[in-house]
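Colleague: I would like to understand a structure as a whole before looking closely at one part of it. Could you go through it slowly, with every term explained?

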Amino acid sequence: MTVAVGEFGALGALRSRGEAFLEEVSREYYCAHAGLKREAELQPIYDRHREAYGDETLELALGLLKGSRPGSEEHRSGRMLVEWLLESRVGRELAPLEEREIAWEGNAVVPLSNGGAEPYARVSITIANMRDAAERRALDDARAAIVEAELAPMRQERLAREKELVERTAVAADYVATFDALAGISVRALRDQSAAFLRDTQAMWDDVLPEFLRRGLGITPSQATRADAQALMRVPEFDAGFPAEVMEQAVRRQVTEMGASPDADGRVRYDTGEREGKRSRAFCAPVAIPAEVYLVLRPHGGQNDWRTLLHELGHALHFANMDAALPFEHRWLGDNSITEGFAMLFDHRLQDRGWLGRYTRLERKDLPRYLRAAGFEELQLLRRYCAKLIYEVELYGGAVPWSALPDLYVATLTGATGFQYQRADAFVDVDPRFYSARYLRAWQLQSVLADALVERFNADWWRNPSAGPWIVQELFSRGQRELAEELAQRVRRTPLSFAPLVKSIEGLLT
């Protein structure tokens, strides 16, 4: 592709404006979701940065995409930039709705039958820690009632508007085709792989689900609800092995032994304490890449917190170790299956017998039982996310009326997991823009990365002082220039698939 000198200047300005915009938006999300602000003020940010995602900017990025050879670096950059600009333009239109949702989630309380109330932001934590089945189901029913009345209509409106706005741009024939073209992912092909995974693991799931329900909660599959799933995955019986007071210290020690800095020389800031208004779902907020990254966790208790800390640390170290000289789009944009893959590479250490023995306080006699529980949890989560993707393809596909989606959601998620889901969550339990596809590809990618690390640095690579520098240089520093498939080919010449995950789960459950 031949690019005029003036266009290089225009692309430089696009990148500069884009980075300034995303830094300010990311800081606002961090403050709102970390409980530092009650409400997010997104509209003023969009207004200040109109030029960053305006018509001329989109025209420039489209020109780069359409005027470059497929497979070239210009085409790669054009695809990333157009995807981001489309999301930003849609985001500006939906900012009032999103502000309203964030404010609702930060302020809503769930009324209880005894006259009390539970902050909505803490409900999932409370449910997970409830041992009485009747109490947790009553709380979840109360949560679902207020969600159905207040939050679900807001989410449905935002999802419908997002679909309408994306399709109006006519980048591709419809919402799904637009995602495929700009994300570099065939979502329907992954949907088909997910359906095959559900079929292939159905007998295994039918075998282990009754056992874990009976042992963990004293109930049968016919009684199990999504609230019960949250309590079951909490596994408090192993809490003594995962004490809160040593969690961060142990994880920092492991990263140090691996030859890397656990806070990327101060660029990663840990925010892991309790705070009113902090969302229950942990997150990583890269406010300035790579200079300022926040890891945010609201404690739930036990091994869940350890896994979550490791997951978010994988993200944080990725963002904080990116090469600052990379172009804007390779640091801020790209295939998020990459950063999710790094996060899962870290959190899967809780399925590693050697890691557990070295860094946790699990007793040796408890390891086999714990690892079997970890295999059960992995299978449940994978089946849940496969079902989520299958449902979301129908949600965005347009063939199913919005009014019929709640019943489809319940049938799809309940059928895959065995836990009865709530109709109220049909529009709430949706990560926009097929993020479930990123998670599923990340699961596949982490298994490739783990095998590559074992081949290079042995089974205990996580304490090999040569592994950390390799991870920083060969994985983290390169940002998200590659697609997940390209990274898998580069480090191990292995395609992405569910097969290694099935093998791993079988090993844990044995």
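How far apart are the mean positions of the 65 positive and 77 negative charges of the chain? After that, please take a close look at the loop that holds T225, and at the other loops and the helix that help to place it.

Modeller: The mean positions of the 65 positive and 77 negative charges are 3 Å apart, where Lys and Arg count as positive, Asp and Glu count as negative, and His and the chain ends are not counted. Each charge is placed at NZ of Lys, CZ of Arg, CG of Asp or CD of Glu. Before going further, please keep in mind that this is a predicted model, in which local features need pLDDT of at least 70 and side-chain atom pairs count only at pLDDT 80 or more, while totals for chains, interfaces and linings use all residues. Residues are numbered from 1 along each chain as its sequence is written, and side-chain values use heavy atoms, with hydrogens and water left out.

The overall frame comes next. The chain has 21 helices and five strands, which are DSSP runs numbered from the N terminus (H or I with at least four residues for helices, E with at least two for strands). Along its principal axes the C-alpha trace spans about 70 × 55 × 45 Å. A compact globule of 510 residues would have a radius of gyration near 24 Å, and the 22 Å of this chain agrees with that; the radius is taken over C-alpha atoms, and the globule rule is 2.2 Å times the number of residues to the power 0.38. Of the 510 residues, 58% count as buried, a word that here means under 20% relative accessible area, with exposed meaning over 50% and partly exposed in between (1.4 Å probe, protein chains only). Among contacts (heavy atoms within 4.5 Å) between residues at least 6 apart in sequence, 76% join residues at least 24 apart.

Now to the part you asked about. T225 sits in the loop between α9 (202-217) and α10 (226-234), and T225 is buried, because its relative accessible area is 18%. Leaving aside neighbours within four places in sequence, T225 is in contact with R137, F419 and Q420. R158, by contrast, is 67 residues from T225 in sequence and 27 Å away in space, C-alpha to C-alpha.

F419, one of the contacts of T225, also leads to helix α16 (residues 367-397), which holds Q380. Not counting residues up to four places away in sequence, Q380 touches W205, M233, T417 and F419, and a relative accessible area of 4% means that Q380 is buried.

Beyond Q420, another contact of T225, comes D425, in the loop between α17 (405-417) and α18 (435-457). D425 counts as buried, because its relative accessibility is 7%, and with residues up to four places away set aside it touches R143, V147 and Y409.

On the other side of α10, the loop that runs to α11 (244-257) contains V235. V235 has a positive phi of about 35° although it is not a glycine, and at 15% relative accessibility it counts as buried. Most residues other than glycine have a negative phi, and most peptide bonds are trans. A264, which lies in the loop between α11 and β3 (268-271), likewise is not a glycine and has a positive phi of about 50°, and with a relative accessible area of 1% A264 is buried.

The peptide bond from I289 to P290 is cis, with omega near 10°, and P290 belongs to the loop between β4 (283-288) and β5 (292-296). After β5, L297 is found in the loop that leads to α12 (303-320), where a relative accessible area of 1% makes it buried. Setting aside residues up to four places away in sequence, L297 touches several residues, including D271, G273, K278 and L309.

Finally, the structure holds zero disulfides, a disulfide being a pair of cysteine sulfur atoms within 2.5 Å. For C31, which is in no disulfide, the nearest cysteine sulfur is that of C284, 14 Å away. C31 is buried, with a relative accessible area of 18%, and C386 counts as buried at 0% relative accessibility.
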